[in-house]
Amino acid sequence: MSEVRRSTSSSYRPSSSWRIKRTKREWKPLEDRSCTDLPWFLLFTLFLVGMCGICGFTIATGGAARLVFGYDSYGNTCGQRNEPIEGVRLSGLDHLDRNFVFFLDPCNIDIIQRKIKSMALCVSQCPTEELATYYDLKRFAMMNGSELCSYELPGHKYPQLPERFEKCPKLPVPESKALPVFNRCTPVDISCYAKFAEAVVTFVSDNSMLNRLIAGVAASKEIIVGLCLLALVLSMILMVIIRYISAVLVWILTAMVVLGSLGGTSVLWWLYIDYRMTMNETMSKDLRETEEPNGGMKPTKDHAQGLLIYAVSATVFTGILLLLMLFMRKRVALTIALFHVAGKVFIHLPLLALQPFCTFLALSLFWVYWIMVLLFLGTTGNPEKNEDTGLVEFRLTGGLQYMTWYHAVGLIWISEFILACQQMTVAGAVVTYYFTRDKTKLPVTPILSSVLRLVRYHLGTVAKGSFIITLVKIPRLILMYIHNQLKGKENACARCMLKACICCLWCLEKCLNYLNQNAYAATAINSTSFCTSARDAFMILVENALRVATINTVGDFVLFLGKILIVSCTAFAGVLALNYQRDYTEWVLPLIIVCLFAFLVAHCFLSIFEIVVDVLFLCFAIDTKYNNGTPGREFYMDKALMEFVENSRRSMAMEERGRSKRARPKEEVELTEVKAMAPGTSSA
């Protein structure tokens, strides 16, 4: 039986070793290319077909025409012959000669629902002058043939009709102009919208303030455009020169953190000691005043104990921080080396700087399309009469209501898909740069090559990764909506639970975003599916957890300082440029707009730099794991990273020599003891 077991175990071992060899990942950068996650590409294509189907449905059912040409309160589309609607009087009219929508009270705005609560009519011409009386309405109707009261009222009888107060426009009728595309008569003087503007801009207290702010923006539009271009140029320059200043920024940051923690701890201990000395002096001078029947000494002791707790906590925190700085100082050097190489990447691949423009353009086009279809959906559906106002509204009923939810999911998924395409494109270009030993043999346009690889092989992977982010983002947005709707109505426990769930989902989304980004880089290297790439990238990141933590903390803070630098320089230039406007309220809003735009631009550009650093680190980790610099296993890394590896090897070799020197005396003592014991053992 033992022989049988032995033979069985021996026959089992080869299969187990074969299985280990099969499951072990072999990284072969840029060697094989194949389509990844094809079912997800087909699913995403079907989803896009559904999005286009919603747009086609709104156009076919007249929703697009009602949005563009407008419709009156009786369900008639302006500029068209209309079919009568059952149960709605004055429907089915011929409006071929009435192309514009006119609101009887255009300033009656529902701030909550964000729409005009007024009867709408189709007219042939918008009022070109202010009409102060009903005789002016009659004269305008007779001269221009454009009747501004309800259809059943004859224009020549406007001043005598008793219905004129309900079915004619509110006097005075302001001068109006038609919008270029949507054919709505809009008042030339927008002062009637001040109430709505005040509700949106909450810090504006009166109309004069609003007018002055708007006037300041209008007067400074050339300066605003120039400062925005300055922020754009500064962001592009910073991405190139950050490799030269990264070392200074990192060590300044480290020194500030260490000195700040030491200073804070010292101040707390000084306060505690000073408080104790003051308390002792007070007790020695007047013991009776401090020892009151109701425990007058207790607050003094409590204050001292509180300061002691703060000082001890700060000391523990400072000690942990110093230990972390001590053990992670070498990894900080890796962050500096990665920033240096990232700067070289932007020099060799200058088209990387255009990625924020391309992504912003793609997102802008998609958002414009999405908003347009959403507006189409708002005017699509069955006509229903509102019992409160008596006006006709178009609403989706039955299963058609789910089209709005489908359209909302499309906003999130496709937006995440576009952002994921940017990450995959940048990762593909950086991977090509890193794993090309001879940089003179790089493709003419590595960015374009990366885009072509993405479109040909990896759209399914991007679709799957963006769908996972969508699955996490949708519940978080729903919970945020519920939290806003129940604000002031829910109890403290429910509010706390909602906020905790929203926070957890936000953290999960950030973690998945980071893992997805590394999964795209792994796909760009090995052309593997999303799940396989995510698993491989996760294993690499776990093996280098301390390095990842150092790069994410130190690197992110350095990039944040870069954003602050760009905003500060832009704001300083804005103050100098706007200095001739002495009124503070006239240039504060342009300056705020410029600073927000500068931060947005800096964030877009430096986020590309952050992606480059993360991809470089993954490539570096793979390179150091599977290569050692010997013939046949040469490194791919840049000279700066090579110097970091060599310095790490020297420090490790010195540590090993020190350990061997410390261990050698012990071995000699043990050897002498063995020799001393050897004669007694032999004689025995």
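Okay, let's start with one residue: Tyr244 sits in helix α8. Keep in mind as we go that this is a predicted model.

So what is Tyr244 part of? Together with Val233, Ile237, Val240, Ile241 and Ile347, Tyr244 makes a nonpolar patch on the surface, about 500 Å² of it. And which helix gives the most to that patch? That's helix α8, residues 221–285, with five residues.

Right, next stop: a pair of helices further along. Helix α14 covers residues 492–526 and helix α15 covers residues 530–543. Their axes come within 8 Å and cross at roughly 110°. Angles from 65 to 115 degrees count as roughly perpendicular, so α14 is roughly perpendicular to α15.

Who's touching whom here? On the α14 side you've got Tyr514, Leu515, Asn516, Asn518, Ala519, Tyr520, Ala522 and Thr523. Facing them from α15 are Phe530, Ser533, Ala534, Ala537, Phe538 and Leu541. If you sort that α14 and α15 contact by class, you get ten nonpolar residues, four polar ones and no charged ones.

Now, for charges, we have to look elsewhere. Side chains of opposite charge can pair when their charged atoms come close. How many salt bridges does the structure hold? Ten. One of them joins the side chains of Asp94 and Arg81, at 3.5 Å from N to O. Both partners are in the loop between α3 (63–69) and β1 (100–103), and they're 13 residues apart, so the pair counts as linking distant parts of the chain.

That's my quick tour, thanks!

Note on methods: Residues numbered from 1 in each chain as written. Predicted model: local features only at pLDDT ≥ 70, side-chain atom pairs only at ≥ 80, totals over all residues. Heavy atoms only, no water. Axes fitted to C-alpha atoms, helices over the stretch in contact; angles between N-to-C directions. Helix = DSSP H or I, 4+ residues; strand = E, 2+ residues; numbered from the N terminus. Parallel < 35°, antiparallel > 145°, perpendicular 65-115°, else oblique. Contact = heavy atoms within 4.5 Å. Nonpolar A, V, L, I, M, F, W, Y, C, P; charged D, E, K, R; others polar. Patch = residues over 30% accessible without salt bridge, like charges linked within 9 Å, V, L, I, M, F, W, Y side chains within 5 Å. Areas by Shrake-Rupley, 256 points an atom, 1.4 Å probe, with all protein chains shown as cover. Salt bridge = Lys/Arg side-chain N within 4 Å of Asp/Glu carboxyl O.
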